[in-house]
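Trainee: Please give me a close look at the aromatic side chains here, and at what surrounds them.

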Amino acid sequence: MAGVSQAGYREWRPFRGPFDPCPPILVKTYVVPPNQYITFQPMNLPQFSLQEALCKGTLWPALYSPYESKSGKGR
């Protein structure tokens with residue numbers, strides 16, 4: 001996956017039992033949202049314009065994290 005090397009993405013290697021009937025998924029990835037890294041709101045954070053904030057779902061660019069679909073059908 002192209003986004004794995006970006007900050008905010010984590011990898012997890014699930015346990016594979018010897019008698020699991022399904023083919024193993026070796027590595028799963030998940031997104032850690034940016035708000036988990038900001039412990040307090042700094043003063044004078046840059047802000048999106050109102051129209052752009054409504055489209056992106058947040059007022060502050062520091063808290064914006066685009067969703068990337070694994071199937072390639074997303075944005």
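**Around one ring**

Mentor: Tyr 64 is partly exposed, because its relative accessible area is 25% and that class lies between buried (under 20%) and exposed (over 50%), with a 1.4 Å probe and protein chains only as cover. This is a predicted model, in which local features need pLDDT of at least 70 and side-chain atom pairs count only at pLDDT 80 or more, while totals for chains, interfaces and linings use all residues. Residues are numbered from 1 along each chain as its sequence is written, and side-chain values use heavy atoms, leaving out hydrogens and water.

The structure holds one aromatic pair, a term for rings of Phe, Tyr and Trp (its six-membered ring) with centres within 6.5 Å; planes under 30 degrees apart are stacked, over 60 edge-to-face, and the rest tilted. Its members are Phe 48 and Tyr 64, edge-to-face at 6.2 Å centre to centre with 85° between the planes. Distant parts of the chain are thereby linked: Phe 48 belongs to the loop between E2 and H1, Tyr 64 to the segment after H1, and 16 residues separate them. Helices (H or I, at least four residues) and strands (E, at least two) are DSSP runs numbered from the N terminus. With a relative accessible area of 14%, Phe 48 is buried.

Tyr 64 has a further neighbour: Lys 56 lies over its face, 4.4 Å from the ring centre. That description requires NZ of Lys or CZ of Arg within 6 Å of the ring centre and within 35 degrees of the ring normal.

Another aromatic residue, Tyr 37, sits in the loop between strand E2 (28-31) and helix H1 (50-56). Tyr 37 counts as partly exposed because its relative accessibility is 44%.
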